[in-house]
Amino acid sequence: MTTEKTVKNPQTLSELFNLAKENLKAKGLERQVPSASNYQASSQLQRKLLDAIFMESRYLEPVAPDTGLTLFGVKMKTPTFCTALSKPGHLSDEEMVDLVRGMGKSGSMMILGIGGSELLQSAIDTGAPVVKMVKPYRTTDLIYEKVNDAAKRGCVAVGMDIDHFYGGFRDGSGRQTDTYAPKKTDEIRQAISATKLPFIIKGILSIEDAKKAVEMGASAVMVSNHGWGAFDFGVPSIVALPKVAKAVGGQVTVLADSGFRTGNDVFKALALGAKGVGFATSIVMAASAGGAEGIEQFIGFITAELKRTMAICGCPDLSAIDRSLLVASPEVREWW
Ligand SMILES: Cc1cc2nc3c(=O)[nH]c(=O)nc-3n(C[C@H](O)[C@H](O)[C@H](O)COP(=O)(O)O)c2cc1C
């Protein structure tokens, strides 16, 4: 990414992120340096592989691309959403709600992570479509409680990040095994059948888990390695995505997150079988740059790039984006 001069009204992603860094610095916060136990190997390979996938142009099939879709019954203007997010420490409750408002104003969707009913209600009150991602709590009753609360308050879907049963893991510490636990398929199946809401299983990186998610009755799977939050050497999602989509894409909605950064990254993920692509770190940066407005700018940049590439590739709508438009270097093809 080129270094661009910081301006108050960002015109590009780089300018937006530079502004975020400046604002964070003013609060005494530097971007976190990877710790000894987090090599970021997955995200580095994810970037390398995404950068080795190219798109074929179809200039002679002029189209006016439409980036709209319906997800969990909600009409969205973009296949980009805020993936599961607990409130980052440097944002106040109000700033977090403002972030959600920005997602709604962008015609997108918000997935909320850890947080109580009050935050959930404030998020829903912004008018944005909200999904509640519930942790794999050791106490199963707490899972039911959170799922029922989400349904009662008007969430459009719920889910569970099955990969977070150790809690966060940094520098060899941070296990929270008293709070979280790996969940058995029977427990998750019962939680899924106890709600009418669509249920997303987040943290899918293998065909095996994807098939189990379908068997348990999930409506959607999210291909994700949780960024660098759960597992240093999780399979990069761009490697897992095509396999998972091929195995279960006909039965459930396939979503993806972890290491997608641009509109072209979204295009590539959609071509490899995702229906929607989630962003967390970038959304936090966008909120740090300018609250709801920063979010709108971010989603705007991502969606504009996606739209431009759709036009170049002759795709009138999202369903026209498929693998035949991708040209990948031999190294990348080997992973599939
Ligand atoms: C501040 C922050 C909070 C997060 N909270 C949650 C959470 O509560 N539940 C969850 O499943 N994932 C959570 N994640 C992980 C994201 O959903 C996502 O999987 C990960 O950050 C990778 O996406 P990214 O590369 O766009 O950041 C969080 C990520 C960040 C940065």
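In this predicted model, Ile283 has plenty of company: leaving aside residues up to four places away in sequence, Ile283 touches Cys82, Leu85, Leu99, Ile295 and Phe298. Those contacts fit a wider picture, since Ile283 and Val221 touch the most other members of the largest nonpolar core, a set of 96 residues. Helix H10, spanning residues 281–312, supplies the largest share of this core, with 14 residues. As a general rule, nonpolar side chains in soluble globular proteins tend to be buried together.

Now for the strands. Eight of them, running E4-E5-E6-E7-E8-E9-E10-E11, make a closed barrel with parallel pairing. Going from one strand to the next, the twist averages 30°. One of the pairs shows how this looks up close: strand E7 (residues 157–161) and strand E8 (residues 199–204) run parallel and are linked over 4 bridges. Within that pair, Met160 stands opposite Ile201 in E8. A helix joins the scene here too, as H5 (residues 140–153) lies across E6 (130–134) and E7. Relative to E6, helix H5 runs at about 180°.

That leaves the ligand. Which residues come nearest to the ligand? Out of the 23 residues around it, the answer is Ala84, Gly113, Asp161, Gly227 and Thr281. Strand E4 (80–85) and helix H10 are the elements that give two or more residues to this shell. H10 therefore turns up in two places, as a contributor to the core and to the shell around the ligand. By type, the shell divides into 12 polar, 8 nonpolar and 3 charged residues.

Methods
Residues are numbered from 1 along each chain as its sequence is written. This is a predicted model: local features need pLDDT of at least 70, side-chain atom pairs count only at pLDDT 80 or more; totals for chains, interfaces and linings use all residues. Two strands pair if DSSP finds at least two bridges between them. Axes are lines fitted to C-alpha atoms, for helices over the stretch in contact, and angles run from 0 to 180 degrees between N-to-C directions. Two residues are in contact if their C-beta atoms, placed from the backbone, lie within 7 Å. A nonpolar core is a set of buried Ala, Val, Leu, Ile, Met, Phe, Trp, Tyr and Cys residues joined through C-beta atoms within 7 Å. A residue is buried if 20 or more other C-beta atoms lie within 10 Å of its own, exposed if 12 or fewer, and partly exposed in between; C-beta atoms are placed from the backbone. A residue is near a molecule or strand if its C-beta atom, placed from the backbone, lies within 6 Å of it. Ala, Val, Leu, Ile, Met, Phe, Trp, Tyr, Cys and Pro count as nonpolar, Asp, Glu, Lys and Arg as charged, and the others, Gly among them, as polar.
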